Amino acid sequence: MNKIIFNVPHIVGNELKNQNSLKKYKKFSSNGYYTNKCRSWLIKNIKCEDALLVKSCTAALEMCALLIDIKPGDEIIMPSFTFVSTANAFTLRGAKIVFVDINKDTLNIDEKLIEENITKKTKAIVVVHYAGVSCEMDKIKKIAKRYKIFLVEDAAQAILSKYKNKYLGSFGDLATFSFHETKNVHCGEGGALIINNKKFIKKAYIIKDKGTNRDEFDKNIIKKYSWVGVGSSYGLSEINSAFLYSQLIKVGKITKYRVKIWKLYNKGFEKFEKQKKLLRPHIPIYSKINGHIFYIIVKKNLRDKILSFLESNKIMAVFHYIPLHNSQYGKKVAKKNYNLKLTDLKSKSLIRLPLHLSLKKKNIDKIIVCFDKFFKQQGKNANL
Ligand SMILES: Cc1ncc(COP(=O)(O)O)c(C=O)c1O
């Protein structure tokens, strides 16, 4: 059997056809036909006030920092168990990062630890829906409201996931999606800024359009556009939007298949969990997943050995994240030194398994047989 690849970016089939049709529209930069199609799709489906197509989720997070007007010394509360962009976007504007430990079951920010970290300088809570599993949004929203601080959802991995029957991305004042090729739907590199708090809409367009009021010009509201505020070049080109639109309209089908693979893993690994060899992801009853990531937690000192064993059996698996509070730059921009026990433990014990649309049941069966072999070799040594 060929090597089982960790990720194969999905192609639905219409991407290049859509891009070819751009000849007809004669518009290749941002804000054209397909940008608007993607925008409308997001507004209708996520049920948000507005959605701006941007170059990446990183760009969308940077826009969030500009929108909430981060000044040097402002504090942002977030998990350390996340991708660098979640923090980097805010440190670019001089924010201090307050890292909070994660929940042992979901690996999402522990909502019980947020309140004790709020100070007069706290500007926002940034939650990350890790692996497309939702954070405890009712509780976190209540805290943000009580202290009058902004709530931002880094929903990079969470397109079409739900919290209590509402799509993720619809809870924060602002939210962000990633359409990087590693995500459920993609356009190579791309992202979206989701706006639920209407007061940010006008400013968001200015920030996206290089600090100009070009959007009003495009809508024939003004005769000439000019420099009216801070901004950058954040808009997604029509070439990428055309690619993305073909995938967005198929996201339901894509999600269904990913969840099917996720469930095959979950069932296959049940016996290992019973034998105390590993833990499977915990999905709270309030969360509906999108099958973005299937991960397992193994004994810390066996993690690398398992990865090598899989590799020698032609199975590519990976781990992440190096916790931000321990990273070289994270230490510099953190408010203080943090000792986050669960973040440290889980990040050293986590393995992500291949999950993409080219996987078949026989591939999952092979992976499970491989784990069976490994755990038999290790005996009690592998027990958690
Ligand atoms: C939680 C999280 N936030 C932000 C990003 C950045 O996304 P992008 O590559 O679209 O900038 C990622 C990318 O994997 C992510 O996982």
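# A guided tour of selected helices and loops

Begin by selecting Lys44 and Lys47: these exposed residues are carried on the face of helix H3 that is turned away from its buried side. Here "buried" means under 20% relative accessible area, "exposed" means over 50%, and "partly exposed" covers what lies in between, with a 1.4 Å probe and protein chains only. Helices (H or I, at least four residues) and strands (E, at least two) are DSSP runs, numbered from the N terminus.

The model is predicted, with local features requiring pLDDT of at least 70 and side-chain atom pairs counting only at pLDDT 80 or more, while totals for chains, interfaces and linings use all residues. Residues are numbered from 1 along each chain as its sequence is written, and side-chain values use heavy atoms, with hydrogens and water left out.

## Stop 1: helix H3

Now select the whole of H3, residues 33-47. Its 15 residues should span 21 Å at 1.5 Å a residue, and its end C-alpha atoms are indeed 21 Å apart, so the two values agree. The expected span of a helix is 1.5 Å times one less than its number of residues. Next, colour the buried residues of H3, which are Tyr34, Thr35, Cys38, Trp41, Leu42 and Ile46. Looking down the axis of H3, one finds these buried residues within an arc of 130°, so they line one face of the helix. The arc is taken from the directions that run from the helix axis to the C-beta atoms.

## Stop 2: helix H4 and two partners

Select H4 (residues 57-67) together with H7 (residues 201-208): their axes come within 10 Å and cross at roughly 125°. This crossing makes H4 oblique to H7; angles under 35 degrees count as roughly parallel, over 145 as roughly antiparallel, 65 to 115 as roughly perpendicular and the rest as oblique. The axes are lines fitted to C-alpha atoms, for helices over the stretch in contact, and angles run from 0 to 180 degrees between N-to-C directions.

The crossing of H4 and H7 is right-handed. A crossing has this name if the near helix is turned clockwise from the far one by less than a right angle, and is left-handed if anticlockwise. Which residues should be displayed here? Met63, Leu66 and Leu67 in H4 meet Lys203, Ala204, Ile207 and Lys208 in H7. Contact means heavy atoms within 4.5 Å.

Keep H4 and add H5 (residues 84-91), whose axis comes within 8 Å of that of H4 and crosses it at roughly 35°. The crossing of H4 and H5 is right-handed. Thr58, Leu61, Glu62, Cys64 and Ala65 of H4 make the contact with Ser85, Thr86, Ala89 and Phe90 of H5.

## Stop 3: helix H10

Select Val251, a residue of H10. Is Val251 buried or exposed? Its relative accessible area is 2%, so Val251 is buried. Apart from its neighbours within four places in sequence, Val251 is in contact with Trp41, Ile159, Leu160 and Val185. One of these, Trp41, was among the buried residues of H3.

Move to Lys256, which also belongs to H10 (residues 251-268). Lys256 has 66% relative accessibility and therefore counts as exposed. Lys256 and Asn290 are 34 residues apart in sequence, with 7.8 Å between their C-alpha atoms.

## Stop 4: unusual backbone angles

Most residues other than glycine have a negative phi, and most peptide bonds are trans. Select Leu160, in the loop between strand E5 (150-154) and strand E6 (162-163). Leu160 is not a glycine, yet its phi is positive, at about 75°. Its relative accessible area of 17% makes Leu160 buried.

Compare Asn220, in the loop between H8 (214-218) and H9 (238-248). Asn220 is not a glycine either, and has a positive phi of about 60°. At 70% relative accessibility, Asn220 is exposed.

Then select His320 and Tyr321, which are joined by a cis peptide bond with omega near -20°. Tyr321 lies in the loop between H12 and H13 (328-333).

## Stop 5: helix H15

Finally, select H15, residues 361-378. Its buried residues are Asn363, Ile364, Ile367, Ile368, Cys370, Phe371, Phe374, Phe375 and Gln378. Seen down the axis of H15, they fall within an arc of 155°, so they line one face of the helix. The face turned away from that buried side carries the exposed residues Lys362, Lys376 and Gln377. The elements covering the buried residues of H15 include H10 and H12. Just after H15, Gly379 takes a positive phi of about 60°.
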